[in-house]
There are 2 protein chains.
Amino acid sequence: MTRTIIFYGVALAALVLVLKFIEYRFIVRDLSIEFYLGAVALFFTVLGVWAGRKLTRKKIVTVGPAFVLNEVELQRLGISKREHEVLGLMAEGLSNQEIADHLFVSLNTVKTHTSNLFLKLEVSRRTQAVQRAKQLRLIP
Amino acid sequence: MTRTIIFYGVALAALVLVLKFIEYRFIVRDLSIEFYLGAVALFFTVLGVWAGRKLTRKKIVTVGPAFVLNEVELQRLGISKREHEVLGLMAEGLSNQEIADHLFVSLNTVKTHTSNLFLKLEVSRRTQAVQRAKQLRLIP
DNA sequence: CGATAAATCACCCGTTCGGGTGAAGGTTTT
DNA sequence: AAAACCTTCACCCGAACGGGTGATTTATCG
């Protein structure tokens, strides 16, 4: 962004120089003021479009992939820390057994957590749970 | 977009009119050509930024959340049309039985499709398949 | 300190999933 | 026409999943 601004400034300065240059030489007398203005208008329109795109693109990019956990929703649904952890691993495509190994707990424990999650998320399948969790921004 | 262009044209015409108006009146003689050009440059820069944003926002919006199917990858993995369809429904969190009902085929058929999908996507669970498909932009 | 919530584990039961094989009918390509 | 591919369906079996109940041990909060 800084570079864009700098470039824009340089372009402006260059234009002023060019104008000054041609103004005190030969061309200026032969051309009408309208032509002059038209050229400047066109140039700055293009420059404006370009600058505008440069300046707004990055905003959009960072707004896109950024993930902020929706703790409000998390609390509203009464999802505990551990359950949220299980939810995350579930979203990675891990099986209950794999989640159990990951968390150093038994398969039954994971099953309990998943069951509770399904209740709280009001779904009946893990794929739906993942889908819903993403939609509620409980997971990236 | 069309409206933007029209508005832009109108703005241009209006500016020309204003210029013409002030040119043949009182102000023009008192102001330097540089001031004139500066004002025009500023105006058209702003106009350019605005127009650029208007014209590109839709593109960006559609480029961001909009989904373009990665047909190259789809073909590379040899995923058929029907399989891709099943993949989509799978990503919605539907069970095999539900997919079968959706497509008016038997559960076994769906199972065959999912099995082939798992082979082609090199995964072993449907959650992983969905994850991978999203990452490869085979589904939204 | 007692109540409450969280985390842990277990068992049962029925359903769903995944993996493998086979096969029939249709379309496309060669 | 033959080969290749897609789609469809079937059956089997073991693993994973979902649903329910019950119990113990830690926090944590009032």
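Let me start with classes: Ala, Val, Leu, Ile, Met, Phe, Trp, Tyr, Cys and Pro count as nonpolar, Asp, Glu, Lys and Arg count as charged, and the others, Gly among them, count as polar. One more term: a residue is near a strand if one of its heavy atoms lies within 4 Å of it.

Now the ground rules. This is a predicted model, where local features need pLDDT of at least 70, side-chain atom pairs count only at pLDDT 80 or more, and totals for chains, interfaces and linings use all residues. Residues are numbered from 1 along each chain as its sequence is written, chains are lettered from A and ligands numbered from 1 in the order in which they are written, and side-chain values use heavy atoms, with hydrogens and water left out.

First, DNA strand C. It is surrounded by 17 residues, and the closest are A:Ser80, A:Val105, A:Ser106, B:Lys111 and B:Arg126. Which part of strand C comes within 4 Å of the protein? Sugar and phosphate make up 66% of those atoms. By class, the surface near strand C has two nonpolar, 10 polar and five charged residues.

Next, polar contacts. A polar contact is a pair of N or O atoms within 3.5 Å; within protein, one must be able to donate a hydrogen and the other to accept it, and residues adjacent in sequence count only if both atoms are side-chain atoms. On strand C, a phosphate oxygen sits 2.7 Å from a polar backbone atom of A:Ser106. Chain B joins in: a polar backbone atom of B:Asn96 is 3.1 Å from a phosphate oxygen of strand C. A:Asn108 uses a polar side-chain atom, 3.3 Å from a phosphate oxygen of that strand.

Which elements give two or more residues to this surface? They are α5 (81-91) and α7 of chain A, together with α7 of chain B. Those labels come from DSSP runs, numbered from the N terminus: helices are H or I with at least four residues, and strands are E with at least two. α7(A) gives the most to the surface near strand C, with four residues.

Now DNA strand D. Here 18 residues surround the strand, and the closest are A:Lys111, B:Ser80, B:Arg82, B:Val105 and B:Ser106. Of the strand D atoms within 4 Å of the protein, 62% belong to sugar or phosphate, and the rest to bases. The nearby residues divide into two nonpolar, 10 polar and six charged.

Look at the phosphate oxygens of strand D. One is 2.2 Å from a polar side-chain atom of B:Ser80. B:Thr109 also offers a polar side-chain atom, at 2.8 Å. From chain A, a polar backbone atom of A:Asn96 lies 2.8 Å from a phosphate oxygen. Which helix supplies the largest share of the surface near strand D? That is α7(B), with five residues.

On to helix packing. In chain A, the axes of α5(A) and α8 (residues 126-135) come within 10 Å and cross at roughly 105°. Axes are lines fitted to C-alpha atoms, for helices over the stretch in contact, and angles run from 0 to 180 degrees between N-to-C directions. The two helices are therefore roughly perpendicular to each other. The cut-offs: under 35 degrees is roughly parallel, over 145 roughly antiparallel, 65 to 115 roughly perpendicular, and the rest oblique.

Who makes the contact (heavy atoms within 4.5 Å)? α5(A) brings A:Leu87, A:Met90 and A:Ala91, and α8(A) brings A:Arg126, A:Ala129, A:Val130 and A:Ala133. That is six nonpolar, no polar and one charged.

Chain B next. α5(B) and α8(B) pack at about 105°, with their axes 10 Å apart.

Last, salt bridges (a side-chain nitrogen of Lys or Arg within 4 Å of a carboxyl oxygen of Asp or Glu). There are eight over all chains. In one of them, A:Glu83 pairs with A:Lys120, the closest N and O atoms being 2.8 Å apart. A:Glu83 lies in helix α5 and A:Lys120 in helix α7 of chain A, so the pair ties together parts that are 37 residues apart in sequence.

Definitions and conventions
Contact = heavy atoms within 4.5 Å.
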